[in-house]
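Please look over the sequence and the structure shown below before reading on. The report that follows moves from the whole chain to single residues.

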Amino acid sequence: MSLYDVVIRNGNVVLPTGVVKTDIGLKDGKVAAIEKGLQDQGEQEWDAEHQYVFPGMIDVHVHFSEPGREHWEGFHTGSMMMAAGGCTTYFDMPLNGIPSTVNKEALDEKARIGNEKSVVDFGLWGGLVPGNEEDLKPLAESGVIGFKAFLSTTGNKEFEAVDDITLLDGMKQIARLGKVLALHSESASMTNWLKKEKENEGKYSADDYLETRPIAAEVEAVERAIYYAELTNCPLHFVHISSAKAMEKIQEAKERGMNITVETCPHYLLFHHGHLRELGAVAKCAPPLREDHERQKLIELLKNDQFDMISSDHSPCPYDLKDPNVHNLFEAWGGISGGQFSLLASIELSLAHNIPFEKVAKWTASNPAERFGISDRKGHIAKGADADFAFVTLDESYTVTAENYYAKHKESLYIGHTFPCKVVGTMNRGKLVFKDGEIDKQADRKWLKPENSLYV
């Protein structure tokens, strides 16, 4: 009888302390041994020679739009895409589905669908919107990862942006509940006013769109949120930060001891405003892709450990909502489709800028796990942790095509992009969910709740 269910042999294993060539023994979906030259056999064996074994990615920011808008993206196709990209855990945002996840009933329904359809583990965000302050405690007790709010107009009538009083009241409650508030930080007053000015002038170009969402709008919203968090002691997580100036304000607050984390997205690090000019709405997002010199600043901040994590903000839609024959750039849906590529993008950046792979593991796995209360199970390769792995080779490149992109809709900024690496396998709690382009669609999954949830 084999001692282990699975033995992974000869892998370059990305541990918190660095990359070590070793074997890993798995039992009951968890890491049972990390030891070079394991003598015991596994019922199954994976030869990881010439491969890097990363902890499975934790993507804290995706929009799967189900229930209600499964035709945009659902848990089935969305989680297949995650598995193909080496992601073993994702957190679904509370908006774009109908209903939005702003009360316990909506949370329970979304969890039911995720438990039926997902092929990897998942967590769920709750929403903070005007009028749902009484729903925050039941959502927290039911196991949401945290709460999400918008400081800019959402473009989604089912999930409205917060006004300042709602934000302050919500922050006070969220702090009491021991949760984190994630914020889309752009000033609604500034962006709406600038948009109206452009529309009045009949100006809808890529340059005009960029000018309606200036860096100043991001900075103003970030600063305001920080002031409010100081008043309420609310932990903050700033999503998809796109400018060095906003990061400066966040870093200053961190240095004062504030409880803040911050993410950016691969599209802000690999692409720039020139791609919006060239490709149109497929490259439209909010905040927008910045000029290339700003992108370079973000890369320097990443190298200097100022970003805590990288997440995809996968926000797809049917192509007819971006079709330039139907909508001008201002009307087109704003969101980047690319959740499959966050780990590959992070590795590309590490190779291009001589960043150690253990930092990639921090951005994509350990920091998200620690911030959102699942580090007892997820985020690192260690004895007793869930056996969540992404197997990556540097011996092959990976060019994105409609055929190897697993999202429901294939139109993406990433189509045609070549990564200098390739995910060849993904393992979720010891079970192989992706190998050489094939996905196990019947894979097990769990709805993950934070350690401090009353209902874990």
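A residue is called buried when its relative accessible area is under 20%, exposed when that value is over 50%, and partly exposed in between. With these limits, Glu-358 counts as partly exposed, because its relative accessibility is 23%. The model discussed here is a predicted one, and every value in this report was computed from it.

## The protein as a whole

The protein contains 13 helices and 20 strands, and its C-alpha trace spans about 75 × 45 × 40 Å along the principal axes. For a chain of 456 residues, a compact globule would have a radius of gyration near 23 Å, and the 21 Å of the protein agrees with this. Of the 456 residues, 62% count as buried. Among the contacts with a separation of 6 or more, 75% are made by residues that are 24 or more positions apart.

The protein exposes about 17000 Å², of which carbon and sulfur atoms supply 48%. As for charge, there are 49 positive and 69 negative side chains, and the centres of these two sets lie 2 Å apart.

## Cysteines without a disulfide

A disulfide is a covalent bond between the sulfur atoms of two cysteines. How many disulfides does a search of the whole structure find? The search finds zero. In the case of Cys-87, the closest cysteine sulfur is that of Cys-265, and because the two sulfur atoms are 13 Å apart, they are too far from each other for a bond; the cut-off for a disulfide is a pair of cysteine sulfur atoms within 2.5 Å.

Cys-87 counts as buried, since its relative accessibility is 2%. Cys-234, with a relative accessibility of 3%, counts as buried too.

## Unusual backbone geometry

Most residues other than glycine have a negative phi, and most peptide bonds are trans. Against this background, two peptide bonds that lead into a proline deserve a look. The bond from Glu-66 to Pro-67 is cis, with omega near 10 degrees, and Pro-67 has its place in the loop between strand S6 (57–62) and helix H1 (75–84). The bond that joins Ile-98 and Pro-99 is cis as well, with an omega of about 5 degrees, and Pro-99 is found in the loop between strand S7 (87–92) and helix H2 (104–117).

Two residues that are not glycine have a positive phi. His-240, with a phi of about 30 degrees, is found in the loop between strand S12 (236–238) and helix H8 (244–255), and it counts as buried because its relative accessible area is 2%. Asp-305 has a phi near 65 degrees and lies in the loop between H11 and S14; at 40% relative accessibility, Asp-305 counts as partly exposed.

## Glutamates in two helices

Is Glu-218 buried or exposed? Glu-218, which has its place in helix H7 (residues 215–232), counts as buried because its relative accessibility is 1%. Leaving aside neighbours within four places in sequence, Glu-218 is in contact with several residues, including Ser-185, Glu-186, His-240, Pro-287 and Arg-290. The C-alpha atoms of Glu-218 and Met-190 are 9.6 Å apart in space, while the two residues are 28 residues apart in sequence.

Glu-358, the partly exposed residue met at the start, is found in helix H13 (residues 357–371). Its C-alpha atom is separated by 6.4 Å from that of Leu-15, although the two residues are 343 residues apart along the chain. Apart from neighbours within four places in sequence, Glu-358 is in contact with Val-14, Leu-15, Pro-16, Thr-17, Gly-18 and Val-19.

## A loop serine and a helix aspartate

Ser-315 is found in the loop between strand S14 (309–310) and helix H12 (342–352), and it is buried, because its relative accessible area is 6%. When neighbours within four places in sequence are left aside, Ser-315 is in contact with His-63, Asn-96, Trp-333, Gly-334, Gly-335 and Ile-336.

Asp-292 lies in helix H11 (residues 292–303) and counts as partly exposed, since its relative accessibility is 30%. The C-alpha atoms of Asp-292 and Glu-263 are separated by 19 Å, and the two residues are 29 residues apart along the chain.

Methods: Residues numbered from 1 in each chain as written. Predicted model: local features only at pLDDT ≥ 70, side-chain atom pairs only at ≥ 80, totals over all residues. Heavy atoms only, no water. Helix = DSSP H or I, 4+ residues; strand = E, 2+ residues; numbered from the N terminus. Rg over C-alpha atoms; globule rule 2.2 N^0.38 Å. Buried < 20%, exposed > 50% of the residue type's maximum accessible area, 1.4 Å probe, protein only. Contact = heavy atoms within 4.5 Å. Areas by Shrake-Rupley, 256 points an atom, 1.4 Å probe, with all protein chains shown as cover. Lys, Arg positive; Asp, Glu negative; His and termini not counted. Charge placed at Lys NZ, Arg CZ, Asp CG, Glu CD.
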